[in-house]
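Hi everyone, thanks for coming. I'd like to walk you through one structure today, starting with the overall fold and ending with a small group of side chains.

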Amino acid sequence: MTAAGRDEAAVTYRGVVYPWHCDQVGHMNVMWYVGKFDEATWNLFLRVGITPGYLRANHRGMAAVDQHIEYRRELHAGDVVAIRSAILQVEGRKIRFRHEMTNEETGEVAAITTLLGVHMDTQARKACAFPPDIVARGLALCPAPADGAAAPG
């Protein structure tokens, strides 16, 4: 699918690969993939209500506890990238989500990451359940399964 045909509502990051993002062989270094995915995460969280204001006011935080990255295509200096994100699951104290980074010129998927985050009480220093409104907004962002089955959650 070309970049023009992709779901723009799911875009959580847009940027460019700068020369200083590249390693000694001219490809974007893994640390920059992770950094760009992290920026997309906070934009995705904003959509479900996990905002800096919410976190501060409620003494809450988020911890990444599992992350898997699949590198599919190399990116080079000057490449324009976008990340499209989806919530896969939100329940209790956990949120699982996916980011797909594409080269916007070619439409090729450069990398995909799936993460599991845990909602934390920063005073008690332990995991705690999300409030119902955040769960509801997260579930609303879960993609509908292709086979018509109920969405995970």
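I'll begin with the whole chain and then move to the aromatic residues.

One thing to keep in mind as you look: this is a predicted model. The protein chain has three helices and six strands. If you trace the sequence from start to end, the order is β-α-α-β-β-β-β-β-α. So you meet a strand, then two helices, then five strands in a row, and a helix to finish.

What about the overall dimensions? A compact globule of 153 residues would have a radius of gyration near 15 Å, and the protein chain has 16 Å, so the two agree. Along the principal axes, the C-alpha atoms fill a box of roughly 45 × 40 × 25 Å.

Now, how much of the chain is buried? Buried residues make up 40% of the 153. As for contacts, take those with a sequence separation of 6 or more: 65% of them involve residues 24 or more positions apart.

On the outside, the protein chain exposes about 8,300 Å², and carbon and sulfur atoms supply 55% of that area. The chain carries 16 positive and 17 negative charges, and the mean positions of the two sets are 9 Å apart.

Let's zoom in on the aromatics. Searching the whole structure turns up four aromatic pairs. One of these is Trp 42 with Phe 45, an edge-to-face pair at 5.3 Å centre to centre, with 85° between the planes. Why are these two about one helical turn apart? Because both sit in helix H1, residues 30-48, three residues from each other.

Their surroundings are worth a look too. Trp 42 is partly exposed, at 38% relative accessibility, whereas Phe 45 is buried, with a relative accessible area of 3%.

Phe 45 also pairs with Phe 97: the ring centres are 5.4 Å apart and the planes lie at 75°, so this pair is edge-to-face. Here the partners come from separate elements, since Phe 45 belongs to helix H1 and Phe 97 to strand S4, residues 94-103. The pair therefore ties together parts that are 52 residues apart in sequence. Phe 97 is buried, at 3% relative accessibility.

Put those residues together and you have one aromatic cluster, formed by Trp 42, Phe 45 and Phe 97. If you have the model open, Phe 45 is a good place to centre your view, as it pairs with Trp 42 and with Phe 97.

How values were computed:
Residues are numbered from 1 along each chain as its sequence is written. This is a predicted model: local features need pLDDT of at least 70, side-chain atom pairs count only at pLDDT 80 or more; totals for chains, interfaces and linings use all residues. Side-chain values use heavy atoms; hydrogens and water are left out. Helices (H or I, at least four residues) and strands (E, at least two) are DSSP runs, numbered from the N terminus. The radius of gyration is taken over C-alpha atoms; the globule rule is 2.2 Å times the number of residues to the power 0.38. Buried means under 20% relative accessible area, exposed over 50%, partly exposed in between (1.4 Å probe, protein chains only). Contact means heavy atoms within 4.5 Å. Accessible areas come from the Shrake-Rupley method with a 1.4 Å probe; for residues, only the protein chains shown count as cover. Lys and Arg count as positive and Asp and Glu as negative; His and the chain ends are not counted. The place of a charge is taken as NZ of Lys, CZ of Arg, CG of Asp or CD of Glu. Rings of Phe, Tyr and Trp (its six-membered ring) pair if their centres lie within 6.5 Å; planes under 30 degrees apart count as stacked, over 60 as edge-to-face and the rest as tilted.
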